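Subject: The structure you wanted to look through

Hi,

Here is the structure we talked about, with some notes on what turned up in it. Have a look at it first, then read on.

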Amino acid sequence: MTRPQPLLEVDGLSVGYGIVPVIEEITLQVGRGEAVALLGANGAGKSTLLKAVSGLLVPGAGSIRFDGRDLSRLRAEALVTLGLSHVAEGRRIFRRETVLDNLLLGLYRLRLARAETAARVEEALAMFPALRQKADQLAGSLSGGQQQMLAIAQALVRKPRLLMLDEPSLGLAPNLVEEVFRTLAAVRAQGVSILLVEQVVERALEFADHAYLLQSGRLSGDGPAATLRGSEQVRRAYLGAAAAHAPS
Ligand SMILES: Nc1ncnc2c1ncn2[C@@H]1O[C@H](COP(=O)(O)OP(=O)(O)O)[C@@H](O)[C@H]1O
Ligand SMILES: [Mg+2]
């Protein structure tokens with residue numbers, strides 16, 4: 001199966017927190033309009049990879065290109081204006097601000113005209129009716145599922161071309177997980193490329209076009225998501241996590 005033209009190209013990327021690399025020689029692509037899943041056990045380096053792509057960590061080696069442009073010297077804020085949005089792990093919203101103010105804070109750095117700001121907030125609220133009802137309430141009073149919706153909405157108001165999400169379904173009840181995936185499907189239908197890190201592997205593979213498997217900081221495989229569903233290769237990538245999560 002041929003993949004679309006790449007929007008994000010990661011080539012030979014190594015990143016760590018000190019001198020020891022956590023991920024090594026990672027090469028992957030996210031195509032235009034493509035949904036890509038990045039899968040792997042806890043500690044495999046998935047969050048580290050997303051942080052490097054969004055400019056929060058400086059690569060030790062390798063390159064990151066977005067729409068043909070080298071990102072390695074750009075800071076996180078510049079990447080936002082280029083069209084990269086990262087929904088970090090753990091619903092990083094401003095709990096003591098209202099839902100509406102959270103959306104406005106998502107736009108703060110873009111310095112848009114007032115009419116454009118209003119239009120974008122309106123668009124986000126149209127996509128998340130539950131948030132519209134609670135626009136004036138404190139974000140901290142929302143349910144876990146609604147907080148995740150808000151975190152995603154806060155990224156979407158910036159009109160990203162690539163949306164990266166780090167375990168958006170973590171800690172959510174199954175019906176809310178489904179709601180998150182429905183939202184992502186709607187985002188994708190607008191032509192936004194998606195790079196998704198998920199622990200709900202089967203659901204992520206059902207959603208994605210293509211998937212990469214990360215094992216102890218290195219890629220252990222990739223392929224069309226439909227091919228990887230239920231495969232032994234995926235199961236092996238998760239063995240560590242399965243052991244850690246097994247009921248005692
Ligand atoms: N801030 C940090 N400082 C040092 N080591 C870290 C830091 N964050 C993560 N690590 C280590 O990097 C490895 C990969 O972590 P991470 O990217 O969070 O994995 P994943 O998201 O796949 O669970 C782990 O061994 C973790 O302990
Ligand atoms: Mg992580």
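Before we get to the ligand, one bit of vocabulary: Ala, Val, Leu, Ile, Met, Phe, Trp, Tyr, Cys and Pro count as nonpolar, Asp, Glu, Lys and Arg count as charged, and the others, Gly among them, count as polar. With that sorting, the shell around ligand 1 has four nonpolar, five polar and one charged residues. Keep in mind throughout that this is a predicted model.

So who is in that shell? Ligand 1 is surrounded by Y17, V22, A41, N42, G43, A44, G45, K46, S47 and T48. Helix α1 (residues 46-53) gives the largest share of the shell, three residues.

Next, the polar atoms. An oxygen atom of ligand 1 is 2.8 Å from an N or O atom in the side chain of S47. There is also an oxygen atom of the ligand 3.2 Å from a polar backbone atom of A44. Over at Y17, the partner on the ligand is a nitrogen atom, which is 3.4 Å from an N or O atom in the Y17 side chain. Taken alone, ligand 1 exposes 560 Å², and the protein buries 56% of that.

Back to helix α1 for a moment: is the helix itself enclosed or open? Seven of its eight residues are buried, so α1 is largely enclosed by the rest of the structure. The buried ones are K46, S47, T48, L49, L50, A52 and V53. After α1 comes G55, which has a positive phi near 80°.

Now for the rings. How many aromatic pairs does a search of the whole structure find? The search finds one. The partners are F181 and F207, and they meet edge-to-face, with 5.8 Å centre to centre and 65° between the planes. The pair links distant parts of the chain: F181 sits in helix α7 (residues 174-189) and F207 in helix α8 (residues 201-207), 26 residues apart. Both F181 and F207 are buried. F207 has another neighbour to look at, since R188 lies over the face of its ring, at 5.1 Å from the ring centre.

A residue I'd like you to click on is E198, in the loop between β8 (193-197) and α8. Is E198 buried or exposed? Buried means under 20% relative accessible area, and E198 counts as buried because its relative accessibility is 1%. What does its side chain touch? The side chains of E198 and S169 are joined by a polar contact of 2.8 Å. The E198 side chain also reaches the backbone nitrogen of V200, at 3.0 Å.

Last, a couple of backbone oddities. Most residues other than glycine have a negative phi. Here, though, D67 has a positive phi, near 55°, and R111 has a positive phi too, near 50°. D67 is in the loop between β4 (61-66) and β5 (69-70), while R111 lies in the loop between α3 (99-107) and α4 (114-127). As for cover, D67 counts as partly exposed because its relative accessibility is 36%, whereas R111, at 72%, counts as exposed.

That's the tour. Happy to go through any of it with the viewer open.

Cheers

Definitions and conventions:
Residues are numbered from 1 along each chain as its sequence is written. Chains are lettered from A and ligands numbered from 1 in the order in which they are written. This is a predicted model: local features need pLDDT of at least 70, side-chain atom pairs count only at pLDDT 80 or more; totals for chains, interfaces and linings use all residues. Side-chain values use heavy atoms; hydrogens and water are left out. A residue is near a molecule or strand if one of its heavy atoms lies within 4 Å of it. A polar contact is a pair of N or O atoms within 3.5 Å; within protein, one must be able to donate a hydrogen and the other to accept it, and residues adjacent in sequence count only if both atoms are side-chain atoms. Accessible areas come from the Shrake-Rupley method with a 1.4 Å probe; for residues, only the protein chains shown count as cover. Helices (H or I, at least four residues) and strands (E, at least two) are DSSP runs, numbered from the N terminus. Rings of Phe, Tyr and Trp (its six-membered ring) pair if their centres lie within 6.5 Å; planes under 30 degrees apart count as stacked, over 60 as edge-to-face and the rest as tilted. Buried means under 20% relative accessible area, exposed over 50%, partly exposed in between (1.4 Å probe, protein chains only). A charge sits over a ring if NZ of Lys or CZ of Arg is within 6 Å of the ring centre and within 35 degrees of the ring normal.
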